[in-house]
Structures are given as C-alpha cells and as structure tokens.
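Student: I've got a structure open and I'd like to go through it. Can we take it piece by piece?
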Amino acid sequence: MNPYFDRKGFLALTGATSLAAFLAACGGSSSTEAQSAAGSTGASGSKPAAPSFDPASEPDGTIDVFTWAGYDDSPVPDGAPWMWSQYQQGSYGSKSPLKFTFLDDDTTALSKVASGYSPDIIHPCGGYIRKWQEAGLIQALDTTLLPDWAGIPESLKEPGLIDGLYYHLPFDVGFTALTYDADAVDFSAVGGEETWKILLDDRYRGKMSIFRGPDEVIEIAHLANETSDPINLTIEQIAAAKATALKIKDNLRNYWSSQTDTVNDFINGNLLVTATWPDGYWKIKNHPKMKGRNIKYMQPVEGRLAWVCGMVLSAATERPGRSLLAMASTNTPQAGADLTDNFQYASAQKEGVSALIKDKSLIEAFGLNDPKLWEPPMAWSQSQVTPYKEYIAAGSEVIDA
Amino acid sequence: MAAAEPPLKRSRRETRNDGGSALSTYGLLAPTLLVLAAFFLLPLYYIFMFSVALRRFSPTEALASLNGELSGFTGELWSKLLGVGVTVKVPGLDVDVPLLLVAIVFVVLLVLAVTGSKLKDYGSWVVGVAFALLLVPFLTFPAGNNLVRVMELTSDGQYVRLFFKSVTMAMTSSVAAVLIAIPVAYFLAFCVERSKYTWLLIVIAPFLTSYLLRVFAWKVILGDQGLINSGLMAIGLVDQENPLTFLIYSQFTVIVVLTYAWVPFICLPIFLSFQTIDRRLLEAAMDLGATRMQAFRKISLPIIAPGIVAAFLFVFIPSIGEYITPTLVGGVNGTMYGQSLATQFVGGAFNWQFGSVMALFLLGVVLLLTFATSRFLRAGGGGI
C-alpha cells in the first residue's frame, strides 16, 4: 500500500470530510434557529408575569457559566473554594456540573451571545443589562429561588429592574476612579482638590491612562467638565464632553484594554495616574516596587464612577431553575466576604458580610460600610448611558482621532 | 519503448491521457476551491449581505435587534465612510482635494509602477518615480520623540483618516521588514553553505513562541524603565527623569513590533528567490569586470524582485487591518483601522452593517493592490 493518499483516496477523503462539515453546519444552524426563537419570545412586547421555575423537573446536564476571569470554581488566592461552592456541595438540593467560559468585556460578550453562543448564566454589568433584555437574550428571575435576595439593597437591584421584573442578580460592586502617586502628582493647578480635571494637566502628559471604552471616555470627560450625572447627557453635554475628551487624550499615554496591563505600566514607572477598579489600586499600592510611595485612590470632588455587575439567566437555557440555584450560591454572605478579601470589590449582598471579611482594613479603605460613598454626588452608578448611540459615536471619534 | 510504437496507438493514448489529466487537474483543485468557498467566498458573501440588508441576513433575531432597523442598500453608509475631503500635507503647504481624485492618482501611479518598464525610453525612471510617489506619502521616520514625514495624507473623515494612518504604519513596517529581510536572506543564500538550514531555523526561531508573548516582551524592552531606557540611562545618554517616552505606546512601537513580527516570515520567500539565481550569471558578471555591488544590482535584484514584492504584500496585507498589536502597544495615537472596524462589531457600536461596509472597503483596496502587482507574483514572471 502507498504510504500516501493516491488521487482517488485523497478525493474520497476530501468528499467525506466536506459532507461531514456540511452536515455539522446544518446541525449548527438549526440550533441557532432555536435560539432565535427563544430570543424573540423574550423580546415580545406584552408585559410578562413573574416567572416560576421548578428545578426538580428540569433535565440533567452541565450549566454553562460565561463570566469574568477569576470568577470560576477554582480556589481563590487563599486556597478556599468560593462563590459556587454552596451549589456544588448540593446545599440547594440540586447539583448540576458547572462549566466556565471567560468573557473579555461587556460589549464583546453581548455580541458573542447575540451571534448564537448560548451559555446558561452570564455575568454582565449594569450598563448593558437593558441591551441584553431588549435583544431578548435574558429572562426574568424567579427570586423566590434566591434565599439571600433580601440582603441586596434596592439601589443595586435597580439597573436590572425592567417592567417590574428583575433580570439581574447583583454580585460585585466597585468604583472606577483614578489611582495616582501622591508624591508626584499635585492638584495646585486644578483647584487644589482631588479632581478628574487632573487629566487635563499637561504637566503629567504621557503619564496618564484611562479605560478604552467609548462610553466611559465620555463619562469621565463630562465629570471633568461639571458635577452632574454622567450617564444621562443632552446632545450639547455630549459635544462638550467630547471636546474635553480630545484634550484629555493629548495627555494620555494610552487607553488600556486590560487592567493587568495598566497596573504593570504603573508599577514599571510608565504611568503616574491611571483609572482602575478597586483591585487595580490595591495591587499597585501593595506591590513591592511601590514600597514607600504614597499611592492613593482618588475621591474626586465631582464623584467617582461606580458599577454593579452580576448574574443574568439566558433566555435559551433549558435549566432556568437549576441555573438560578447556582446563582443563589454567589449571593451568600460568605461569597460576598470572599469577594472583598480576594478581589477588593464590595459585595452586592450586605447582610452579615462585614463580619465575615477577614481583612478589616478593606472595609475602611473602600468605604464598604458607608452607603453615602456609593451614592451621588460621591459616586455615579454606571447604568446604561442615554442616548446610547450618541455616546458611542462621540467616544469612538475621540479614540479614533 | 515509445519510439518503436505505431503512430496511431500513441496518438490514441495521448488523447485519453489528455482527458484524464484535465479531470484530475480539476479533481485536485477541488479541495482548494472548497477551502476558498468555505473560508473566503462564503464569509465575503455574508459581509456583503450584511452591508446591504442586515436584518434579513442576521444569523439571529437578537443580533438584528441590537443593530437596529437597518435594511436594504443605503448609500448613506458609504458616504459616511468615503464622502469626505482629503488634505495633502507637504512641508509648508496644505492642499485640500476630494478623495476620488486621490484614488484616481493612486490607481494611475500603480499602473505606471507596474507597466512602466515596458516603455521604450525612461521606463525604469517611470517605474522608480511611480513607486516613490506611492510610498512617500505613507512613510514615516522616527526622529527624537516624534515621527517625521515628507508628505502626509489626512482627512476630515474619521475613518478615512484612520485608514491613511493604518496604511502609513503598515507601509513603513512592510518596507522596514523587507529592507531587513533582504540582507538576512542574502546571507542565508550565499554566505553559509553547510549550516544553511541551521541558520534558517535560527532566523525563524521567534515563531516557536506565541505572538502575544513576544509583544509583551517588547513592552519590557521598550518601557520607560525598560531595557533600552535603563541602558541609555546607565551610560548617561538619557536623563533619569526624562526617559525616551516614544518607545512605548506610540505609532513607532506598533511599527517596530509589526516589523519584528514579520521579518522572519518574509525571509523565506526572499531566500528562495536568491536560491533560484544561477550562480554562473554572477560569475560571468564578475569575469566581465562587475563589482559585487553591480552584480547584485544588475543581476540578483531583478531576479529576486518578484520575491520582494511578494514579501512586501505578505506583510502589508495583514498589517493594514491589524487589531491586536495596536491594542497592546499602540497608545492614544497608534490606533488603526482594524480597531475601529472591531468597534462596529464587538466594541459597543453594534453596527454590523457599517462594519461590513468598512471591511468591504479594506478588501477592495487590498484586492486592487494584489491584482496590480500580480504580474510580479507569477512564477518566473515580472522582474523590474
């Protein structure tokens, strides 16, 4: 026998492979149709009643979780299993295996799921929940299956409350604010107080960075302009923010896409000021290279930006009840305390969490027991920006300029 | 033996063989055509259909809903992309011209560059000037903390401006990569004999590691306290307080990283071109009194020209739509067209229709360039 495929064999193999690929593609498209059908049901106009799920009657199978890196079932840095462990131990009377896939950012995740990927649980942030709902990709929650639901304040549930139904189980809450080296940065040229206007101070040109998000670029520029809610702006305010954002851009080193990158840039001396989430600030402050440096997390006079992320239930899931029980295990006080200890974020769950947090200094550092720090004018919640298209167009023009 | 066979028999066999070989040629082409259909024509068809009728061709209702009520062919999207003015900047002078005129001038220059050598008189001059005029507006050179230009094209339109910037970055890195690869390939082809393939392996060794890892390595080398800055600080050429900041997060960084990434890859086609040179031609040139440089210019260079053009296109085509390199090391001014295109699909704009229009425009430019230079790419054809 020849050691290689002769012409006949080669063509036969190619034909068989093509046929297999064609059949697989046909199979794939039928599942897409199923997903579309589920999606359009969710998007229908009539006001649906609060759903009721029965986990016991649902089919067995793996629950697919689409979440941010670090929020899977691998042990947290201190070695303990965490947010999903209650469910995996069977505490809620159901125990499906969990599979984790990581998302990069809100908009990419939304595009991916809208294009046909259908996990059971997704972990988006407050700014995009309406988009998920409008696209018919998620379904309302049966909150009776969430034993710790009452421990979440109404203000955090609000971004996920649409037409009287809850679509979002808030989990992690945090700020977006400037981390800066207080030994090197002074505010005398911009009024003497901590302010977003520092981004306009060209003494620090090339030493500052913010997140590469078209909406956030406009929100930050608006706060440098005036102290008011940066999420709902008029066309004139967006135009003014865009002009300021272009000036800010002149002073920036880069727009970061990964927080790890900007943390490394700060630690390696490329930056003096950068927008981070609480964990980014904490990593910079506690890095050995930053020893002896006065690293601060800015509380600007115009207010910080604040976000709330959490779990939503896919409209296409075959196991809504079981998935919701898995989500319930992320809502326990212990999961909330682990979140703060390991990622320095605040927990959406407020009942009994403070007592369980091991590193009490975090409570002080991020104002976890001070609700005023999380409300206007101290912080502005990043729910969906309005008008959305105008925000994105203005922000993209600034980034592309 | 064939010579002893009767003529009739031989002719019948030839006829049968001809039919069989035609069939087998198509048969062997089938997998290629299948791949082309599956991985190029089908996606291209969908991109085209997205660009003219999004809702009907959306794979899911959810996507159609996110993108809004766009359907049917709309010239608006094309005019949003291309209905803009262009400014040609040369030192001391800014001239505003319509985009269409710029496009026509470039097509004419491209035709002259490709066909000019057929002119009886001044053929090589025409080719040289046309190539220079094609390259000059898109080349940039680092000088101090800035990049300097002889000529620059910019636009009041967001996307065309970004497109020109991307062409500049891709063009500069392609030219740099080719200029670096030629001596390396020459060295491999002529200067080493027995260990030739060991050297080749060393040249392509960077491919053994992940591209991302290599980009991150550049961040360590080019950072404010990176290898280059701290080295220059140690010998006193750079002040501790004022490191060379253009090294990282700039257009310069993107150009350096793209050049670095492609040099090993394009060494191969240029090396193969050098391999095809009949050494007796070079020996004859030397016997007739040519210097090594003259022999290179008059004999080697025309023979390797197709390899150089192919190598240039290998770098230029993927670079012009780059996304990941400018995202990682680009900084605020190193944004490229590919990133803006991605924003339409996954970056929050949710405008697949406009994204498809942007993609088709990029494809058109690349196809034009490929067709124009295809004469150089034919086996054994072309030459300057």
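Tutor: Start with a term: two strands pair if DSSP finds at least two bridges between them. Keep in mind that this is a predicted model.

Student: OK, so how many bridges do β1 and β2 of chain B pair over?
Tutor: Strand β1(B), residues 85-90, pairs with β2(B) over six bridges, in the antiparallel sense. One example is B:Gly85, whose bridge partner in β2(B) is B:Pro98.

Student: What order do the strands of that sheet come in?
Tutor: The order is β2-β1-β5 in chain B, an open sheet of three strands with antiparallel pairing. From one strand to the next, the twist averages 25°.

Student: Which strands stand at the edges?
Tutor: β2 (93-98) and β5 (152-155) of chain B. Each has a single partner strand, so one side of each is left without a neighbour in the sheet.

Student: And which helices lie across it?
Tutor: Helix α5(B), residues 99-115, lies across β1, β2 and β5 of chain B and runs at about 95° to β2(B). α7(B) lies across β1 and β5 of chain B, at about 155° to β5(B).

Student: Switching to chain A. At what angle do α6 and α7 cross there?
Tutor: Roughly 95°, and the axes of α6(A) (214-225) and α7(A) (235-251) come within 8 Å. Angles from 65 to 115 degrees count as roughly perpendicular, and these two helices are therefore roughly perpendicular to each other.

Student: Which residues meet in that contact?
Tutor: Among them are A:Val217, A:Ile218 and A:Ala221 from α6(A), and A:Ile238, A:Ala241 and A:Ile248 from α7(A). By class, the residues of this contact divide into nine nonpolar, four polar and one charged.

Student: What about the domains of chain A?
Tutor: The domain assignment gives domain 1 as 58-173 + 307-381 and domain 2 as 176-304 + 384-400. Their C-alpha centres lie 27 Å apart.

Student: How many residues are in contact between them?
Tutor: 14 residues of domain 1 with 13 residues of domain 2, in chain A. On the domain 1 side, α4 (129-134) and β14 (379-381) are the elements that give two or more residues. That side has ten nonpolar, two polar and two charged residues.

Student: Last one: how many residues of chain B are in contact with chain A?
Tutor: 32 residues of chain B, against 38 residues of chain A. α1(B) gives the most to the chain B side, with six residues. The chain B side has 15 nonpolar, 15 polar and two charged residues.

Technical notes. Residues numbered from 1 in each chain as written. Chains lettered and ligands numbered in written order. Predicted model: local features only at pLDDT ≥ 70, side-chain atom pairs only at ≥ 80, totals over all residues. Axes fitted to C-alpha atoms, helices over the stretch in contact; angles between N-to-C directions. Helix = DSSP H or I, 4+ residues; strand = E, 2+ residues; numbered from the N terminus. Parallel < 35°, antiparallel > 145°, perpendicular 65-115°, else oblique. Contact = placed C-beta atoms within 7 Å. Nonpolar A, V, L, I, M, F, W, Y, C, P; charged D, E, K, R; others polar. Domains from an automatic or database assignment.
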